[in-house]
Number of protein chains: 2
Amino acid sequence: MNIGQAADASGVSAKMIRYYEQIGLIRPPTRTDSNYRVYGSDEVHVLRFIRRSRTLGFSIEETGALLALWQDKTRASGEVRDIASEHISALETKIAELESMVGTLKHLVHCCQGDNRPDCPILDDLAGTHSKTKGH
Amino acid sequence: MNIGQAADASGVSAKMIRYYEQIGLIRPPTRTDSNYRVYGSDEVHVLRFIRRSRTLGFSIEETGALLALWQDKTRASGEVRDIASEHISALETKIAELESMVGTLKHLVHCCQGDNRPDCPILDDLAGTHSKTKGH
DNA sequence: CCTTGACCTTACCATGATGGGAAGGTCTAT
DNA sequence: ATAGACCTTCCCATCATGGTAAGGTCAAGG
């Protein structure tokens, strides 16, 4: 199987497959005489694993750790759970930050008339005019 | 005021101030004879505006638009509200995606014993073994 | 006057993950 | 044999930010 077919089969672009190889996330595959990369179903399986992990928001580094555990028959399931738990925490922190932003913006939009008057509470907030003395 | 003092006063790093100038977000300041950038309170005010906008998650491009509206006395407040509203939508989409990831991960962690058995539902899910036929 | 240290300047490189493209080699089907 | 689809490597771009290096400037103190 050439790289294009492996890409189709795994949902990972050929570009990314080469990149993952380059950074050492996956092993270099065998090559044909004409230097084409050759993949089998095992490699496609690994690529699917990576794609799913990335879809769930794991970084490449985390994905590499999960991949190592996946391929390690003697692994402890607790390690995997810890990685996932930490990832959940990070995601929840991110969500809280975004929700805070949304809250602030919604408040501002709510206060904003949206008409043609030059007064705009959103810009005033960004400028900090109502919380800080405007003079130098 | 030199760039370091402007950075302290605005909370924007000197590095970023130069970058914002380079990409045209802010105007090049006057220079001393020895080529040092010189800033006044107006510039610091602009930098604070930018920092606040970035903190709220607006991109540099959006920040530029908001900045132009802020500095445009004849602006329509509705434009600002529209930018903010679109930004809220984008943030909410992002939040929904993250929450979906968290939901999936929590389910997996919940199913995971966390002991030393090699069976791990998280890895199984990533590998897709329970939703896809393993053979090619 | 000279040194020291803190500051400034530009220029380049790096991140993380991905896409785009160019220039050139290979394979397959007609 | 040739066209078109595929492969190869290499370089560049994104976005916003940080770092580092090499060199210029300024203020304080001996």
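A residue is near a molecule or strand if one of its heavy atoms lies within 4 Å of it. Keep that cut-off in mind for the DNA stops below.

**Before you start**

This is a predicted model, in which local features need pLDDT of at least 70, side-chain atom pairs count only at pLDDT 80 or more, and totals for chains, interfaces and linings use all residues. Residues are numbered from 1 along each chain as its sequence is written, chains are lettered from A and ligands numbered from 1 in the order in which they are written, and side-chain values use heavy atoms, with hydrogens and water left out.

**Stop 1: chain A as a whole**

Select chain A. Six helices and two strands make up its elements. Helices (H or I, at least four residues) and strands (E, at least two) are DSSP runs, numbered from the N terminus. Follow the chain from that end and the order is α-α-β-β-α-α-α-α. Of its 136 residues, 38% count as buried. Buried means under 20% relative accessible area, exposed over 50%, and partly exposed in between, with a 1.4 Å probe and protein chains only.

Now look at contacts, meaning heavy atoms within 4.5 Å. Among those in chain A with a separation of 6 or more, 44% join residues 24 or more positions apart.

**Stop 2: colour by confidence**

Colour chain A by pLDDT, the predictor's confidence in each residue, from 0 to 100. The mean for chain A is 83, and 85% of its residues reach 70 or more. Where in chain A is confidence highest, and where lowest? Strand β2 (residues 37-38) has the highest mean, at 97, while helix α6 (residues 121-127) has the lowest, at 71. Next, select residues 131-136 of chain A. Their pLDDT stays under 50, and the model has three contacts for them beyond four places in sequence. Where pLDDT is low, the predicted coordinates should not be read in detail.

**Stop 3: DNA strand C**

Select DNA strand C and show what surrounds it. There are 19 residues around this strand, and K15(A), S34(A), Y36(A), G4(B) and R18(B) come nearest. Which part of strand C makes up 68% of its atoms within 4 Å of the protein? Sugar and phosphate do, and the rest belong to bases.

Zoom in on the polar contacts. Such a contact is a pair of N or O atoms within 3.5 Å; within protein, one must be able to donate a hydrogen and the other to accept it, and residues adjacent in sequence count only if both atoms are side-chain atoms.

- S34(A): a side-chain N or O atom is 2.7 Å from a phosphate oxygen of strand C.
- I60(A): a backbone N or O atom lies 3.1 Å from a phosphate oxygen of strand C.
- G4(B): a backbone N or O atom lies 2.5 Å from a phosphate oxygen of strand C.

Highlight α2 of chain A, then α1 (3-10) and α2 of chain B. Each supplies at least two residues of the surface near strand C. The largest share, four residues, comes from α2(A).

Colour this surface by class. Ala, Val, Leu, Ile, Met, Phe, Trp, Tyr, Cys and Pro count as nonpolar, Asp, Glu, Lys and Arg as charged, and the others, Gly among them, as polar. The surface near strand C divides into seven nonpolar, six polar and six charged residues.

**Stop 4: DNA strand D**

Move to DNA strand D. It has 19 residues around it, and the closest are G4(A), R18(A), K15(B), S34(B) and Y36(B). Sugar and phosphate account for 68% of the strand D atoms that come within 4 Å of the protein.

- I3(A): a backbone N or O atom lies 3.4 Å from a phosphate oxygen of strand D.
- G4(A): a backbone N or O atom lies 2.5 Å from a phosphate oxygen of strand D.
- S13(B): a side-chain N or O atom is 3.2 Å from a phosphate oxygen of strand D.

Which element gives the most to the surface near strand D? It is α2(B), with four residues.

**Stop 5: helix α3 and F49(A)**

Select residues 41-55 of chain A, helix α3. The expected span of a helix is 1.5 Å times one less than its number of residues. For these 15 residues that gives 21 Å, and the end C-alpha atoms are 21 Å apart, so the two agree. Buried residues here are V44(A), H45(A), V46(A), L47(A), F49(A), I50(A) and S53(A).

Centre on F49(A). It counts as buried because its relative accessible area is 0%. Its C-alpha atom is 7.6 Å from that of L67(A), 18 residues apart along the chain. Just after α3(A), G57(A) takes a positive phi of about 90°.

**Stop 6: H87(A)**

Finish on H87(A), in helix α5 (residues 77-111) of chain A. Is H87(A) buried or exposed? It is buried, because its relative accessibility is 5%. The H87(A) side chain reaches the backbone oxygen of G57(A) at 3.2 Å. Not counting residues up to four places away in sequence, H87(A) touches L56(A), G57(A), F58(A), E62(A) and, from chain B, L105(B).
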